[in-house]
Amino acid sequence: MSVLTRDEAQTRAQLLDVRRYTIDLDLTTGDETFDSRTVIRFTVRADQDVTDTFVELKPAELRSVTLDGQPLDPETLDENRLPLKNLTPGDHELRVDAAMRYSHTGEGMHRFTDPTDGETYVYTQLFMDDVQRVFAAFDQPDLKAVFELSVKAPDGWTVLANGITEHTDGVWKAAPTPLISTYLVAVAAGPWHSVRTEHRGLPFGIHCRRALAPYPDADADEILDVTRACYDRYHEKFDEPYPFDSYDQAFVPEFNAGAMENPGLVTFRDEFVYRSAVTDTERQTRAMVIAHEMAHMWFGDLVTLKWWDDIWLNESFAEYMGYQTLTEATRFTDTWTDFGVVRKGWGYDADQRPSTHPVAPEAVNDTASALLNFDGISYAKGASALRQLVAWLGEKDFLAGINTHFTRHRFGNATLADFIDSLAAATERDVHAWADAWLRTTGVDTLIPRLTGDNGTYTLTVERTGSRPHRIAVGLYDPDLTDEGRLTLRERLDLDIPQTDGRPIGKRPALLLLNDSDLTYAKVRFDPESFRAVRDGLSGLPEPLTRAVVWNALRDAVRDGELPPTTYLDTARAHLPRETDLALVQGVLGFATTQITDRYLAPEDRPAALTTISSLCRDLLRRTEDGDNPGLRLLAVRHFIDVAAQPDTIAAWLADGTVPGGPELDPELRWRVLARLAVLGATDEAAIAAELDRDPSATGQEGAARCRAALPDPAAKHTAWEAMFATDDLSNYLFTATARGFWQPEQADLVRQYVPRYYEDAVAVAARRGPAIADAAGRWAFPTHAVDTDTLRLGEECLRDADPIPALRRKLADQLDDLARALRVRQA
């Protein structure tokens, strides 16, 4: 397939003005393909010398093409490009009639049949260049047009689209859209279960599969309350009103992303329809995604990037606005703690790999390269940069600049330069210099405190690696004389880095914490006395966001080889049993189990680490016996299951259907226990099949696939490997579930033969099945447990000689860098 280059997009944008698409889809033609008929009305500008261009599509069968009533030869389709030659200035009409193939990888028009009730659902995910899998298009973000859509659907189906839909005799017509980009067109069709309401005269709806109907009904009030609150808050922040005619939120199966910001029809992965118990932090995550996607209605949909080098103008802003607005407008008032302990780590990790890139990169030459930039830098680092910008600029001027930007570019396209010009109009500060320092550079700065003086008066200076300016808060903490083990805030100082001179701070604090309040994006270090105070009093710090900054600093020190992994575990063992913030417990336990025990510690040290985490979880279970913190208890149960070294306790839980003292084992916990028993060789195929009979849902199918792949049996491993790499039958979700079960540290000897096979087979399956499966193969099917020089060497040879497609190449490069880091941590 030919990927679109920036130069090609610029040339086409100079040539064409695309006015309207009329699209007719027929979803009644069978299980493999659907019919797609498209009429594109466009104008060739009179001042252009170039008269040749192309339209993109990826059909199963191209039946006919006519340009201004004259037939074109379908055989001229070259991969995904249909040439249009010798175009004259003026108006033109292109008609394309094709059969298009349904997808089972979450790309294009994805088709899913629910194993629970046999009902079928389809939905589009057209991001980047997948619109070509659904209808013919001039597929680039700066050729915005009006889209007029009709869909013929089976009886009993509801069709959702970007605008309000009406139907007659099985044909659904959507209201014409305002000017939007091709990648934002959306359709979701099937026998949806829907909850509808209105807010400020605008139709709101939430939709999911019928089999999930009991669950969103229970959560509908919460989902709609968050939606209404964010809608109202955005209208307080933004001068431009919501720009579309309705707001539907569809929770769809086997979705690759968290959600997609299609105007008027946001699609979410339907794991957000909770069918098992979740923590309040997980509810907060769902609420944040709702807030994030609604922010996109302005950042990305109303004003859209001109080319994919400015993807941060979509994602960084939606990320920042999502967290900030959720904090301001809903009951979830502590969202920045979750951002600090979860999302920022994602950004820090990505920014320290060879694949790092600026928040606003300049060298995004084609769509394949652009797809690689949807990572922790475009989301978490960019959002952190914006939070720092607000701290430096002030929220009033920041919002004034944003509103200027919306006014100047509504229903159009904009660049980084456009945005900086809009900000500059609202402030006297040099935002161009700020943008150069923050958005055009790579890497993570490190801030190191230096204290000089005596017992009476100390002066603080901060050393900085890197060149970015930072506005931070510095927390000075002293022992709480009324409560042993607690630290109390003496003072929080504002500090601009670089400093012009040292900052007097009075007497020496027990703990000096740089970047208290987490306003900037930087690693921080402790002076020796502060580190001792952290070891003794971390759980005694009064604010969860402060504790998040400390835990992040400890995490960074482990990854950089400056803090032994066992010291991190000992600190967790000492302080996590007293932690009250669920996001912190979840983040710390997640790092301890997936990184420290599985990667950073040598195999012979792993059992002791698992015992430490198991004991920590037992402490949390004892602390929550009275039932007053069910979320914390649920986290403890989950992690106790995941690190169980012996099957007896969790097997008894499964047999009884409950944990003593609660909770009862819902489907998620039952599959979690069974997966761990499979790893330990304490269950078999008969038990997995029986559990699948008990829970035949799509999630149950994934649980069974994971359990079967985790069995410590050569035949089971062979079957799982063949399913992933030798056939193309697995959907994106079943591929991921199988991959997650396959590699287990406890089974290193059993799967050793598959490590060298991985590289060749992953390259082949990625080439056959495309970016979504390539991403899954690189993320989930990589042998992360195999921390040794042979795995590293084989991977480096693969990158050098095997020519993996870009999506897999990026994943492999990141995995190998993480592997090399794990080797360095072990050596340190």
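The biggest contributor to the lining of the second largest pocket is α15, with three residues; helices here are DSSP runs of H or I with at least four residues, strands are runs of E with at least two, and both are numbered from the N terminus. Before going on, note that this is a predicted model, where local features need pLDDT of at least 70, side-chain atom pairs count only at pLDDT 80 or more, and totals for chains, interfaces and linings use all residues. Residues are numbered from 1 along each chain as its sequence is written, and side-chain values use heavy atoms, with hydrogens and water left out.

Back to that pocket: its volume is about 450 Å³. On a 1 Å grid over the protein atoms alone, a pocket is an open set of points with protein on both sides within 12 Å along at least five of seven lines, a cavity is a set where a 1.4 Å probe fits but cannot get out, and lining residues have an atom within 4 Å of a point. Points are joined across faces, edges and corners, and a volume is the space filled by probe spheres set on them. Of the 25 lining residues, Pro 603, Pro 745, Ala 748, His 785 and Ala 786 sit closest to the pocket's centre. Besides α15 (606–623), the helices α14 (582–600), α23 (754–769) and α25 (789–801) each bring at least two residues. The lining splits into 14 nonpolar, three polar and eight charged residues (Ala, Val, Leu, Ile, Met, Phe, Trp, Tyr, Cys and Pro are nonpolar, Asp, Glu, Lys and Arg charged, the others, Gly among them, polar).

Now for the enclosed spaces. Searching the whole structure turns up four cavities of 30 Å³ or more, and the largest holds about 80 Å³. Its lining has 13 residues, with Phe 299, Gly 300, Val 303, Leu 313 and His 405 closest to the centre. This time the lining has nine nonpolar, four polar and no charged residues.

Elsewhere, three strands make an open antiparallel sheet, ordered β25-β24-β27, where pairing takes at least two DSSP bridges. At the edges are β25 (487–497) and β27 (511–516), each paired on one side only. β24 (470–479) and β27 share five bridges, and Val 474 has Leu 514 as its bridge partner in β27.

Zooming out, the chain has 26 helices and 28 strands. Its radius of gyration is 27 Å, which agrees with the value near 28 Å for a compact globule of 828 residues; that is taken over C-alpha atoms, and the globule rule is 2.2 Å times the number of residues to the power 0.38.
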